[in-house]
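Here is a short report on one protein chain. It starts with a term, then covers the sheet, a helix pair and a few backbone angles.

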Amino acid sequence: MDTHTLVVMNVLLYVLYAGVIALNARMIGTAKGAAWFAGANLSRGGGLLLILLGVVTPAGQALGGMMAVLGMMMLHFSFDRLLERGPLLRSLQYVLVGMMAVGTVYLLIVPPRYPAMLLLICATESVQVAATASVVFLFGGEELGPAASLTGASLAVYAFLLLARASSTLRFSSMGYPELANETLRYWLMGMLVTNSAIAFGFMFLSAAKQRIELLWHAQADELTGLLNRWALARIALREIARCGRTKGMIAVVMMDLDGLKRVNDSLGHGCGDAVLQAVGKALQETVRGQDAVARMGGDEFCILLPDTGLAEAMMAAERMRTQVEALTLRYRDETVKIRTSLGVASSENCGLSWQTLLEQSDAALYRAKRGGRNKVVAAEVEPLGEGG
C-alpha cells in the first residue's frame, strides 16, 4: 500500500472517530472527555491532511507538527477527564507544547541541514503519548480492567512507533536515507491505522465501563447524602458476616436516628432537613474507620456496620458518633440548628452472626434510647448466643 493511500485512510479514520465519539456523547447525554477526544482526532487529522495536500514546505511541516502536538495534548486531556483524576501531568503537556512552539520558530528562522523538524515533532509526540499511557495504566483502576489495559497498551505502542520514527531521522547522513525515510513513513502510517483504531475503541470501552460503574454506584448510593443505601449495606454486611464466620471474628451494628428532625422540617422546611441529613452523613464518614460502612436506611435513620468490633468497642465508637453529631452547628436562613441523635448498638458477641438479628436488636436498642430521654447510646439487651444464628 502506497504512502498516499495510507495518509488518506488515516485522515478519514481520524474524522470518523471524531464523529462517532461526538455522536455517541450526544446520544447518551454525557461522555466525559468526548469533546477533547474528538478535537484531538480532528487536529491530528488536519496535520496529516497538510501532507496529503502536498504542503511539504518548512512552514507547512511546522504547521502540521503543531497541529499534531496540540492534538496529542487534547488526547491526554480526554483521558484525564474521562478517568476523573484531576489535571494529571497537564503541566508536562503544556511544557512540551511550549517547547515545540519555541523549537519550531527557531528551526524556521535557522533552517538546519538535517530533518530536525521531523525529529522534534516525533520526539515531542512520543513523550506526550507516553505520559497519556502512564495515566491510563496508573489510574485506569481494577474496575476498568481490560479496557484500561487495552487502551494503555495501544498508547504505549504508538509512543514506541513515534520514537522509532524519530530515531530513523538520526541516519540522515547515510547513503540510503531517502529510501529508509520513505519506508519508515509507510510503516509508521500502517501502525497508526492499527494503534489509533485501538485507542479510539479503547476510549469507547473506557467510557462504557465508567458509565456502568457510575450506574452501579447510583444503584448502591443514597442520592441525598452519597452514603450507601439499605441494599448496598446488606450486601456488604452479608459478606462481612460470612468472613467473620470463617475467621471466628466479631461484627457490630449501630443504628442511629436523629432526634427532632420532623420538628426541623416543620419549622424551617425540608430544605433544612436535607441539609441536616447531609451534614450528619459527612460527619459519620469522617468519624468511622476505612473498613466500616455507613448507610442511610431511609428518612432520618442511619446504620453503621463495624467489622472486627466487639460490643465494648462498638459502644465507644457509637459515643464518638453521638459526640461528633452533637458538635455540629448548622446555619440555615439565619437560623442556628442544633442536631441530636440516639443510637442503638448490637454485636455478634451476644446476638450471633445473623444480619437480621443484628438489625432488629440494634433497632430495639435505638428505641430504648429514644424512650429513655434521647441523645444517648444504648446497647442491645439479649442473652449471650453462640456464633450461629
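Two strands count as paired if DSSP finds at least two bridges between them. The model discussed here is predicted. In it, β2 and β3 form a hairpin with 2 residues between the strands. G299 of that hairpin takes a positive phi near 60°.

**The sheet**

The hairpin belongs to an open sheet of 5 strands. The order is β2-β3-β1-β6-β7, and the pairing is mixed. β2 and β7 (377-379) are the edge strands, each pairing on one side only. On average, neighbouring strands of this sheet are turned by 20° against each other, direction ignored.

Three of the antiparallel pairings are listed here.

| Strand pair | Bridges | A bridge partner pair |
|---|---|---|
| β2 (residues 293-298) and β3 | 5 bridges | R296 and F302 |
| β1 (residues 251-259) and β3 | 7 bridges | M256 and F302 |
| β1 and β6 (residues 340-347) | 8 bridges | V254 and V345 |

F302 of β3 has a bridge partner in M256 and another in R296.

How many residues of β3 are buried? The count is 7 of the 7 in residues 301-307, so the strand is largely enclosed by the rest of the structure. The cut-off behind this is a relative accessible area under 20%. Both faces are covered. E301, C303, L305 and P307 lie on one side, and F302, I304 and L306 on the other.

Helix α11 (residues 311-326) lies across β1, β3, β6 and β7. Its direction is at about 170° to β6.

**A buried aspartate**

D292 sits in the loop between α10 (270-287) and β2. Is D292 buried or exposed? Its relative accessible area is 12%, so D292 counts as buried. The side chain of D292 makes a polar contact of 2.7 Å with that of R289. Beyond its neighbours within four places in sequence, D292 is in contact with L305, L306 and P307. Those three residues are in β3 and are themselves buried.

**Helices α3 and α5**

Helix α3 covers residues 58-83. At 1.5 Å a residue, its 26 residues should span 38 Å. The end C-alpha atoms are 38 Å apart, which agrees. Helix α3 is mostly covered, with 19 of its 26 residues buried.

The axes of α3 and α5 (residues 116-139) come within 10 Å and cross at roughly 5°. That makes α3 roughly parallel to α5, because angles under 35 degrees count as such. The α3 residues that meet α5 include P58, Q61, A62, G65, A68, V69, M72, H76, F79 and L83. On the α5 side, M117, L118, I121, T124, Q128, T132, V135 and F139 are among them. An α-helix has 3.6 residues a turn, so residues three or four places apart point the same way.

**Positive phi values**

Most residues other than glycine have a negative phi. Which values do the exceptions take? E84, just after α3, has a positive phi of about 55°. D308 has a positive phi near 55° and lies in the loop between β3 and α11. At 38% relative accessibility, D308 counts as partly exposed. N375 has a positive phi near 50°. N375 is found in the loop between α13 (355-371) and β7.

Methods. Residues numbered from 1 in each chain as written. Predicted model: local features only at pLDDT ≥ 70, side-chain atom pairs only at ≥ 80, totals over all residues. Heavy atoms only, no water. Helix = DSSP H or I, 4+ residues; strand = E, 2+ residues; numbered from the N terminus. Expected span 1.5 Å × (residues − 1). Buried < 20%, exposed > 50% of the residue type's maximum accessible area, 1.4 Å probe, protein only. Polar contact = N/O pair within 3.5 Å; in protein donor to acceptor, adjacent residues only side chain to side chain. Contact = heavy atoms within 4.5 Å. Axes fitted to C-alpha atoms, helices over the stretch in contact; angles between N-to-C directions. Parallel < 35°, antiparallel > 145°, perpendicular 65-115°, else oblique.
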